[in-house]
Amino acid sequence: MNNSFNIVENKRLVGILSVVAILLLIPLIAMQFSSEVNWSASDFLIAGILLLGTGLTCELVLQKVKDFNYRILLLGIILLALIIIWIEMAVGIFGSPISGS
């Protein structure tokens with residue numbers, strides 16, 4: 001493999017991990033200033049798994065899918081799935097078991 005390709009992969013992986021860490025810091029910091037944000041350790045774990053899983057799945061699509069339109073479609077579906085799952089877990093729009101209903 002080309003060395004520059006590995007550097008790009010590593011930069012994207014570092015970027016994914018950084019974005020996940022920054023997104024998880026938001027509720028952690030908010031909990032210090034407001035009693036309205038009250039996440040447990042399991043909330044952080046589940047959010048981390050969802051965000052990291054989404055990021056790594058998007059990375060896999062970027063590496064394996066060469067057709068631009070198909071790539072955009074798959075990335076859109078992955079992000080839409082994350083948003084739907086996140087909203088369901090937060091407020092229970094559909095009343096599924098993952099929402100705690």
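Two rings of Phe, Tyr or Trp (its six-membered ring) count as a pair here if their centres lie within 6.5 Å. With that in hand, welcome to a set of close-ups of a predicted model.

**View 1. The aromatic pairs.** By the rule above, the model holds 2 aromatic pairs. In one of them, the ring centres of Trp39 and Trp86 are 6.4 Å apart and the planes meet at 50 degrees, so this pair is tilted. The pair ties together distant parts of the chain, 47 residues apart: Trp39 sits in the loop between α1 (3-33) and α2, and Trp86 belongs to helix α3. Why tilted? Planes under 30 degrees apart would count as stacked and over 60 as edge-to-face, and 50 degrees falls in neither group, so the word is tilted.

**View 2. The ring cluster and its exposure.** Zoom out a little, and ring pairs join Trp39, Phe44 and Trp86 into a cluster. Are the two tryptophans buried, partly exposed or exposed? Trp39 has a relative accessible area of 25% and is therefore partly exposed. Trp86, at 33%, is partly exposed as well. Phe44, in contrast, is listed among the buried residues of α2.

**View 3. Helix α2 from end to end.** Helix α2 runs over residues 41-64, which makes 24 residues. From its first C-alpha to its last it reaches 34 Å, close to the 34 Å expected at 1.5 Å a residue. Its buried residues include Phe44, Ala47, Gly48, Leu50 and Leu51 in the earlier part of the list, followed by Thr54, Gly55, Cys58, Glu59 and Val61.

**View 4. A nonpolar patch on the surface.** Which residues make the nonpolar surface patch of about 700 Å²? They are Leu80, Ile83, Ile84, Ile87, Val91, Ile93 and Phe94. Phe94 lies in the segment after α3 (68-91). With a relative accessible area of 60%, Phe94 is exposed, because the cut-off for that word is over 50%.

**View 5. The whole chain, for orientation.** Here the close-ups find their place: the protein chain has 3 helices and 0 strands, in the order α-α-α along the sequence. Of its 101 residues, 21% are buried. The chain exposes about 7300 Å², and carbon and sulfur atoms supply 71% of that area. Among contacts with a separation of 6 or more, 44% come from residues 24 or more positions apart.

How values were computed:
Residues numbered from 1 in each chain as written. Predicted model: local features only at pLDDT ≥ 70, side-chain atom pairs only at ≥ 80, totals over all residues. Heavy atoms only, no water. Helix = DSSP H or I, 4+ residues; strand = E, 2+ residues; numbered from the N terminus. Buried < 20%, exposed > 50% of the residue type's maximum accessible area, 1.4 Å probe, protein only. Contact = heavy atoms within 4.5 Å. Areas by Shrake-Rupley, 256 points an atom, 1.4 Å probe, with all protein chains shown as cover. Patch = residues over 30% accessible without salt bridge, like charges linked within 9 Å, V, L, I, M, F, W, Y side chains within 5 Å. Salt bridge = Lys/Arg side-chain N within 4 Å of Asp/Glu carboxyl O. Expected span 1.5 Å × (residues − 1).
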